[in-house]
Amino acid sequence: MNISKNIKEFKSEIPEDIKLVAVSKTKSNKEIKEAYNTGHKIFGENKVHELLKKYETLAKDIEWHFIGHLQTNKVKYIAPFVSLLHGVDSLKLLKKINNEAIKNNRKISCLLQIHIAEENSKFGFKYDDIKNILLSKELEKLKNISIIGVMGMATYTNDKEKIKAEFDLLVKNFKEFKQNFFSENIGFKEISIGMSNDYKIAIKSGSTMIRVGSKIFGARY
Ligand SMILES: *Cc1c(COP(=O)(O)O)cnc(C)c1O
């Protein structure tokens with residue numbers, strides 16, 4: 001695996017305005033450094049303890065994104081430094097993140113995860129859950145959180161039409177939230193969709209941020 005070659009080629013292939021989160025879960029510090037040394041600064045992890053270890057031992061100017069399912073009792077470990085939480089999927093979790101952000105005297109950026117895939121194993125809000133939270137004005141009280149967009153994962157399938165339809169639905173949801181609740185908020189602008197197998201489809205649907213692991217670092221074992 002030539003990681004530095006992979007990431008350079010990959011970045012030259014995607015449109016410049018798409019943000020790339022290099023998903024480094026299960027990969028070693030040595031492998032991450034190889035990507036970092038090409039100038040790439042945004043990395044994604046999905047396990048709190050693994051992220052913590054890597055944060056402590058790698059360069060401090062790395063922007064760490066947490067892309068997994070976050071348990072409320074673990075927010076405190078990553079609240080001091082995490083740049084963006086992708087998989088936020090409950091009001092309880094949002095409140096917890098806000099509390100930990102206050103303790104750390106910072107604002108934490110979050111994406112609301114919307115469930116678009118057919119599997120019921122995947123986490124995420126339903127469209128109506130988010131709408132109800134926004135209508136309730138509960139979020140406005142959480143001053144130490146910035147909701148900067150939405151995140152989703154398509155069904156794991158080779159059916160490109162199906163993946164496209166799921167991504168299109170998420171983008172439609174995003175636009176409705178933008179229009180009805182965030183029209184004055186220029187910060188609400190990110191759509192985190194697309195992984196190694198479906199990033200091309202995601203970009204066609206309107207992704208602003210893709211999360212790519214195996215295409216850069218090789219398969220995970
Ligand atoms: C692992 C993971 C990715 C990256 O997956 P690849 O198929 O290796 O690109 C993206 N998003 C989430 C939420 C993940 O858990």
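Where is the place of Lys137? Lys137 sits in the loop between helix H6, residues 127-136, and strand E6, residues 145-151. This is a predicted model, and Lys137 is a good place to enter it.

Look at the backbone there. Lys137 has a positive phi of about 65°, yet it is not a glycine. Most residues other than glycine have a negative phi. Now look at the surface. The relative accessible area of Lys137 is 48%. Lys137 counts as partly exposed because that value falls between 20% and 50%.

A second residue has a positive phi. Thr26 is not a glycine either, and its phi is near 70°. Find Thr26 in the loop between strand E1 (19-23) and helix H2 (29-36).

Next, turn to the ligand. It sits in the largest pocket. Which residues surround the ligand? Two of them are Val23 and Lys25. Others are Ile67, Met151, Met153, Met195 and Ser196. The set is completed by Arg211, Val212, Gly213, Ser214 and Arg220.

Three of these neighbours can be followed down to single atoms. Start with Lys25. An N or O atom in the Lys25 side chain is 2.7 Å from an oxygen atom of the ligand. Then take Arg211. Here a polar side-chain atom lies 2.9 Å from a nitrogen atom of the ligand. Gly213 uses its backbone. One of its polar backbone atoms is 2.8 Å from an oxygen atom of the ligand. How much of the ligand does the protein bury? Taken alone, the ligand exposes 390 Å², and the protein buries 91% of that.

Now move to helix H3, which spans residues 48-57. Its buried residues are Val48, Leu51, Leu52 and Lys54. In an α-helix, residues three or four places apart point the same way, because there are 3.6 residues a turn. What covers the buried residues of H3? The cover includes helix H2 and helix H4 (75-78). It also includes strand E2 (42-45) and strand E3 (63-66).

Finish at Ser109. This residue is found in strand E5, residues 108-113. Is Ser109 buried or exposed? Its relative accessibility is 19%. The cut-off for buried is under 20%, so Ser109 counts as buried. Which residues is Ser109 in contact with, leaving aside its neighbours within four places in sequence? They are Ser83, Leu84, Leu85, Ser146 and Ile148. Strand E6 covers residues 145-151, the strand that follows the loop of Lys137.

Technical notes
Residues are numbered from 1 along each chain as its sequence is written. This is a predicted model: local features need pLDDT of at least 70, side-chain atom pairs count only at pLDDT 80 or more; totals for chains, interfaces and linings use all residues. Side-chain values use heavy atoms; hydrogens and water are left out. Helices (H or I, at least four residues) and strands (E, at least two) are DSSP runs, numbered from the N terminus. Buried means under 20% relative accessible area, exposed over 50%, partly exposed in between (1.4 Å probe, protein chains only). Contact means heavy atoms within 4.5 Å. A residue is near a molecule or strand if one of its heavy atoms lies within 4 Å of it. A polar contact is a pair of N or O atoms within 3.5 Å; within protein, one must be able to donate a hydrogen and the other to accept it, and residues adjacent in sequence count only if both atoms are side-chain atoms. Accessible areas come from the Shrake-Rupley method with a 1.4 Å probe; for residues, only the protein chains shown count as cover. On a 1 Å grid over the protein atoms alone, a cavity is a set of points where a 1.4 Å probe fits but cannot get out, and a pocket is an open set with protein on both sides within 12 Å along at least five of seven lines; lining residues have an atom within 4 Å of a point. A molecule sits in a cavity or pocket if more than half of its atoms lie within 2 Å of its grid points.
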